[in-house]
Amino acid sequence: MAMLRSPRSSTNTSSTNTARLRSALPPPLVPRTPWEVPTHTGDWDDEHEMLRIGTYHHVIRLPRSETEYGIACTCPRWRSRNDCIHRHVMHTYSPSINLLPILAPTPTPAAVLLHTTPFNDTHVFSCISSTGRYESGKRSIVTLQRNGRWHCQSCRYSDACKHKPSAVAFAITAGFVSQVSDGPPLIAPEVDHEAADGENTLLVQAAGHDDGFNGRACISHLPIAPPRWCSLPFEPSLTAPQPFLRGQFIPFDETSRCCCGVTSSMVDPACKVVKLAVVYGLTTRFNVEIELVPCPLCRHARRQLGADLGCLGLFNWNNTMIFSHELLNGFTNSYTASETPFSAFCLTVCRTYMDHNLKNSFCSDETFVRVWFAFTRLQTLDSGMSCPTCGPSPKVVIADGISLGIHHSKMSTLVCPPTRVTDASERVETISSYKARGLPAIIQGDLRTLVVKLLELTATEMPSEFPDTSQLFEKYRPVANLIQLIITNGHSSPHFKTYRNLIRQIAAPDIVLQLIPHDAIELLECVAQSKTTPSWLQYLCPAFGAVIQSHNDTRTPLPTQLREVAGWLAHRAKTVYLQLAQHPPGEIRNNISSQRWEESGTYYGLPAIRERRWYSLLRYDRAPLDRDAEHMGDCNKFYKTYSKNNLTGGILVLWCTHAICLGFHCIPVAEGRNDVFSAIYTRFVVAPEVIVYDFACQLAPYCLVREAEYFRHTRFLIDEMHAHDHTRCGQACFASNAMRFDDQMRAINTSAAECGNKV
């Protein structure tokens, strides 16, 4: 892949002239080679009709088929919509871009000096995000500013930036800077365990009151719009009402009701009484008079009907204590921005009240906790669990669990997650534990170890002696012949790195359909029959596609050994798929009953269209823990901590790449692959094209063993952050590996679930 230098952008070219020039050009041609262009422009400024100076974006073009190329950009507009002005310009002018001089050789160095400027950014570099096993191919702009500071377009001025070191090393070598001063070390803040225990005690005490259910609700009952800062653009949001005046009289109206549910239409308004109530605001408290009617059903001195008060920006807790929306939304704002505990927020409010009057007192911490949770129940925060850009069933789903585990004794019997299987569930007997064995490309573990050992022995120099490879030649001759070709060609071969990478992924313990997806089998068969060498194979199979691309760059034909490996891999992947694809997915049903999510602990934007099947011949299929070790591979990442501590598994949440929550369910025992499988299978008519999960290396065999036909077009990938924990898994499982050759994968925020779950 070559990096090309883009021409200097003119700052006085109008949008009209650009459009005229674009329309006058002939139809764009499809170039033959991938390229990457760091453009020197940002978005078009319509107001001044000029390009913004100092904004840089990377644009990359990657093949997707014989006649189709995908173009990816790093600008925010492309990340949200997969479309931007840079993409259109690069597509239109691709013939001219092919004629630009090559700025960096292939492979592209870690840091490339783009140009120098007389502006604030004196030196502009293009730096790679990661190298080696976890390389994603993504790059970021790093600039050396006139004041001597280094700035990264992705990490800003962070000392932990992973892009700056390569630019700094380049600058020192080139003589741009003499030395770089290290910033002060970051000291991790100490955890106040005593304060944390106090907060837990406060929450437990508040949770002991059943507010909102069983006739114990608060007085306010009408829906409350969320504040503007946490609303999506298409949603109605809260418009703050006029400030409530002290001493104002609150009359009885048609919104009045009792906490038991009795409304104003069911009582005699002639029995009105006037009482005092306290309004708690953000900075002070004051008294008001409120008109009430005794409840004929409760017949209790403290049970009266009162107004909802939502139109006044107030939340009526019990006709005696009234809280402003500003105060309650203020805690939500503080908690989501800086993880403020309830007790700390109540303390700051108390101190603020004292500024107005030393006798001003705030409610107890426990009362505020109960009020806030009752308030949030009335807020329309769900947004329908659907992304306006991706739609109700996005093609990319990012799954992750939250460790919000509680003690098993506190788990309600009404909890009904999608993983639930009963004796009445549909029983599938076409797949068994016997058929679920032998899923990797190389079945025998000792032969996989032998292949890895051979790669390690030949990493730096060729040894004089090699271990016995007779078993490898007997059972996997194409693989042994390719290893022999690597040894024969030596380290000087331009294909040494790509060959080794392919062999290492073949020797991975993961299911072979991770390395060779179902959609790539036919292409590999064509390669084996010497019909074609498509460079776009790297889009479906990055490891083998990189080998083909390496030969295309050096204009050399594929050797016979590689074509033999291609045929063997295609046959092995087809064999495993046919071995597992023994039944179609379940029929779609529209009559599946559902409980209230507050009771079932399950809430997804998509309704349930299937129920999870019972695969009775699969050992441990109904077990609450992930125990089917026969196809667990070598990965040692398990979820058993919560079960050992008698805690539930927390919550499993699905997200789209735009960080919109698609739904969640409570995990009764421990988080595992079954949670992701069941959530997708029971809700999605068609399986997503990409599922990102921190245990995707073993989620793939779990899903394909049970529903191979349903998941045959799905790619299971580990997010970039957790990939470093999977030292034994193949690179085919990493999202960073797919990003190297897939323009659409680069638009995916693989950490969307981690960020959303943290909030």
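Let me start with one pair of residues: Trp 655 has Cys 661 in S23 as its bridge partner. Before I go on, please keep in mind that this is a predicted model. Around that pair, strand S22, residues 650-655, and strand S23, residues 661-667, form a hairpin. Six bridges hold the two strands together, and they run antiparallel. Five residues lie between S22 and S23, and Ala 659 in the turn has a positive phi of about 65 degrees.

So what sits on the other flank of the bridge network? Strand S18, residues 396-402, also pairs with S22 in the antiparallel sense, over five bridges. One example there is Ile 402, whose bridge partner in S22 is Ile 651. And is S22 mostly covered or mostly open? It is mostly covered: six of its six residues are buried. For anyone who likes the general picture, strands of a sheet pair through backbone hydrogen bonds, either parallel or antiparallel.

Let me step back to the whole chain for a moment. There are 759 residues, and buried ones make up 50% of them. The chain has 24 helices and 25 strands. If you take contacts between residues at least 6 apart in sequence, 69% of them join residues at least 24 apart. The accessible surface comes to about 37,400 Å², with 53% of that belonging to carbon and sulfur atoms.

Now to another sheet. This one is open, with four strands in the order S8-S9-S10-S11 and antiparallel pairing. Which strands are at the edges? They are S8, residues 111-116, and S11, residues 150-152, and each pairs on one side only. On average, neighbouring strands in this sheet are turned by 25 degrees against each other, direction ignored. S10, residues 139-145, pairs with S11 over three bridges, again antiparallel. Within that pairing, Thr 143 stands opposite His 151 in S11. Helix H5, residues 164-174, packs on the sheet and touches S8, S9, S10 and S11. The direction of H5 makes about 140 degrees with that of S11.

While we are in the earlier part of the numbering, UniProt has something to say. An unreviewed entry there places the feature "domain: SWIM-type" at residues 58-95. In the model, that stretch is 42% helix and 29% strand, and its end C-alpha atoms are 18 Å apart.

Next, a helix that I'd invite you to find on screen: H13, residues 496-506. Why do I call H13 largely enclosed by the rest of the structure? Because nine of its eleven residues are buried. Among them are Phe 496, Tyr 499, Arg 500, Leu 502 and Ile 506. And what covers them? The cover includes helices H10, H12, H14, H17, H18 and H23.

One of those covering helices, H17, gives us a nice side-chain detail. His 551 is found in H17, which spans residues 542-554. His 551 is buried, with a relative accessible area of 4%. Its side chain makes a polar contact of 2.7 Å with the side chain of Tyr 499, and Tyr 499 is one of the buried residues of H13. Leaving aside neighbours within four places in sequence, the contacts of His 551 also include His 495, Pro 557, Leu 558 and Leu 562.

Here is a second buried side chain, this time in a loop. Asp 719 lies between strand S25, residues 715-717, and helix H23, residues 735-739. With a relative accessible area of 3%, Asp 719 is buried. The side chains of Asp 719 and His 722 are joined by a polar contact of 2.8 Å. Not counting residues up to four places away in sequence, Asp 719 touches Val 692, Tyr 693, Asp 694 and Thr 750.

For contrast, let me close with Arg 377. This residue is found in helix H9, residues 365-378. Is Arg 377 buried or partly exposed? It is partly exposed, because its relative accessible area is 45%, and buried would require a value under 20%. Arg 377 and His 221 are 156 residues apart in sequence, and their C-alpha atoms are 9.3 Å apart in space.

That's my tour, and I'm happy to go back to any of these places with you.

How values were computed: Residues numbered from 1 in each chain as written. Predicted model: local features only at pLDDT ≥ 70, side-chain atom pairs only at ≥ 80, totals over all residues. Heavy atoms only, no water. Buried < 20%, exposed > 50% of the residue type's maximum accessible area, 1.4 Å probe, protein only. Polar contact = N/O pair within 3.5 Å; in protein donor to acceptor, adjacent residues only side chain to side chain. Contact = heavy atoms within 4.5 Å. Pairing = 2+ DSSP bridges. Axes fitted to C-alpha atoms, helices over the stretch in contact; angles between N-to-C directions. Areas by Shrake-Rupley, 256 points an atom, 1.4 Å probe, with all protein chains shown as cover. UniProt positions renumbered as here; feature names shortened; annotations may be inferred.
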